[in-house]
Amino acid sequence: MSDKESGFSILKLAQPMQPGARLPLEFVVDVRRPGFSNGGDADVINLNGTFFNNRAFFPQLGYQPGMELQDRNERRKRGLGEPERMAKLENTAARQHSMFGAEADWISFETTVSTSGEQIALAPGYLQKSWKENGRNYYQYKMDQKMMPFFAYLSADWQVKKGDWKGMPIEVYHDRKHAYNVDRMIMATRKSLDYFTTQFTPYQHKQVRILEFPNYQSFAQSFANTIPFSESIGFIADLRDKEAIDYVFYVTAHEMAHQWWGHQVTAANVQGASMLIESLSQYSALMVMEKEYGRHQMRRFLRYELDRYLSSRGSERIEELPLYKVENQDYIHYRKGSLVFYRLRDEIGEAALNRALKRYLEDKGYQESPFTTSSELLDYIRAEAPADKHALIADLFEKIVFYDNRVLDAKAVKRADGQWDVTMQLHLAKMEADGRGKETPRAYDEPVEIGVFARAPGAKEQDERVLLLEKRMLTGDKPVVTVTVKEQPFEVGVDPYNKMIDRVSRDNRKAVSID
């Protein structure tokens, strides 16, 4: 039985395979692109800069949910019912499969790839040998340990910039004209390895390779010891504005983090899987970024993430879910995930959170079926968190909670002793939403951070000085707070670094008027 239009076939073996048995699978894929697509989409097969993974052209075994009709109206017309996006977190049977698919678990990997005579071809693993035959270049790669069945092939006429981390090779393969940010990528790789190997577990490979591919897509992707990185978001990114977020550094750190979150810990294919892979990579990269660029960059980045999360909620077509049950919704696992884990670090401490993550990696790394879940991670986090933070952990991960924190007014009076009394009137509110957006008020039952900042005339935001920064338990929805600082204040803030998921990110600070 086959469906040639969809590329679907059912093959029946003459003899059933026994558990642990092996059977060779041989196939030929012939990819031709006559003309161009109606949508004008660029091809992944290019004269110089090919990049595709095994999901693009290799046969996929078993049922493929991703091929299902997703349009709800079309499904209703055909009596197919509502689309199911993902197995429920509580579905224990679904844990036999990882998020990489049902066709394989951990695999041994070896491959030979050929390309034109003027190009280099790359795949995950370590080069065993290379040769030239009939004007073409051939490369044999082999991985020295098990990996997930997710791998890529790239080919281009690259220049190679080499660096190292404690003697281990770091290689960046790039277009000769695109060397602008190569050193930045090598630096970010080193900083990532420093942090992740110290705080988490050892890096499992003996090399890091970053590979440029052309501007037909804007993303980076992490395979075992191999990171394809788009020309547009990395190699030709314009980072001359020193006040802008260094997203090349950040994306490099994020993709390096996937060598732990995705390639050491692999999630079960149930709700919450992308929290384990993407949210933890976001947090890991944020820590590397903060160590390099300081808290000022974090405020700008978190505000960006918050605004993106809030704006994307409105386009949710089915149901927003709490972070620990996210169903591959990128506005949740990327944007909200960054905010949640950064705040959790602030609430329970970086050492405690990283201890939980390290124990989790040690226990769940390279785990065979059944694969791990977000609920298991929360158990590790709760074990390291003080008991009085458990309710907050539930709010962050298991519920959809928002805040409405504002500074309504801020005044300062200079005292006779030269110090300044600063009075700020605040607005505080907390609410919980369901998946459809209906909100219910909640008691504001937790401390909130307040801050007072100084800034020289004409100075920029990143040059501000912290005069006071502390958490306080405040009562009422419009509390008035008076504090004393030693210098003339410029600005005050409530949750001034946008760590909380606030409905409006830009009314948390206000300039101080001097009486």
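**Reading a predicted model, one "why" at a time**

This structure holds 46 salt bridges. Keep in mind that the model is predicted. Let's look at a few of its features together.

Q: What makes the contact between Lys325 and Glu90 a salt bridge?
A: The N to O distance between their side chains is 3.1 Å. A salt bridge needs a nitrogen of Lys or Arg within 4 Å of a carboxyl oxygen of Asp or Glu, so this pair counts.

Q: Which parts does that pair tie together?
A: Lys325 sits in the loop between helix 7 (295-313) and helix 8 (330-348), while Glu90 sits in the loop between helix 2 (72-77) and strand 4 (110-116). The pair therefore links parts that are 235 residues apart in sequence.

Q: Is Glu90 buried or exposed, and how do you know?
A: Its relative accessible area is 51%. Exposed means over 50%, so Glu90 is exposed.

Q: What joins Glu290 to Arg345?
A: Their side chains meet in a salt bridge, at 2.9 Å from N to O. Glu290 belongs to helix 6 (residues 273-293) and Arg345 to helix 8, so the pair ties together parts 55 residues apart in sequence.

Q: Why are Glu290 and Arg345 called what they are called: buried or exposed?
A: The cut-off for buried is under 20% relative accessible area. Glu290 has 14%, so it is buried. Arg345 has 10%, so Arg345 is buried too.

Q: How do you know that Lys389 and Glu347 form a salt bridge?
A: Their closest N and O atoms are 2.7 Å apart, and the limit is 4 Å. Lys389 lies in the loop between helix 10 (374-384) and helix 11 (390-398), and Glu347 in helix 8, so parts 42 residues apart in sequence are tied together. Both Lys389 and Glu347 are buried.

Q: Why is Phe27 called partly exposed?
A: Phe27 has 38% relative accessibility. Partly exposed covers the range between the 20% and 50% cut-offs, so the label fits. Phe27 lies in the loop between strand 2 (8-9) and strand 3 (50-53). Phe27 is also one of the residues in a nonpolar surface patch, together with Leu25, Val29, Val31, Ile45 and Leu61. The patch has about 490 Å² of accessible area in total.

Q: What makes strand 9 and strand 10 a pair?
A: Seven bridges join strand 9 (residues 159-165) to strand 10 (residues 168-174). Pairing takes at least two bridges, so these strands pair. They run antiparallel, and Lys161 stands opposite Val172 in strand 10.

Notes: Residues are numbered from 1 along each chain as its sequence is written. This is a predicted model: local features need pLDDT of at least 70, side-chain atom pairs count only at pLDDT 80 or more; totals for chains, interfaces and linings use all residues. Side-chain values use heavy atoms; hydrogens and water are left out. Helices (H or I, at least four residues) and strands (E, at least two) are DSSP runs, numbered from the N terminus. Patches are made of residues with over 30% relative accessible area and no salt bridge: like charges are joined within 9 Å, nonpolar side chains (Val, Leu, Ile, Met, Phe, Trp, Tyr) within 5 Å. Accessible areas come from the Shrake-Rupley method with a 1.4 Å probe; for residues, only the protein chains shown count as cover. Buried means under 20% relative accessible area, exposed over 50%, partly exposed in between (1.4 Å probe, protein chains only).
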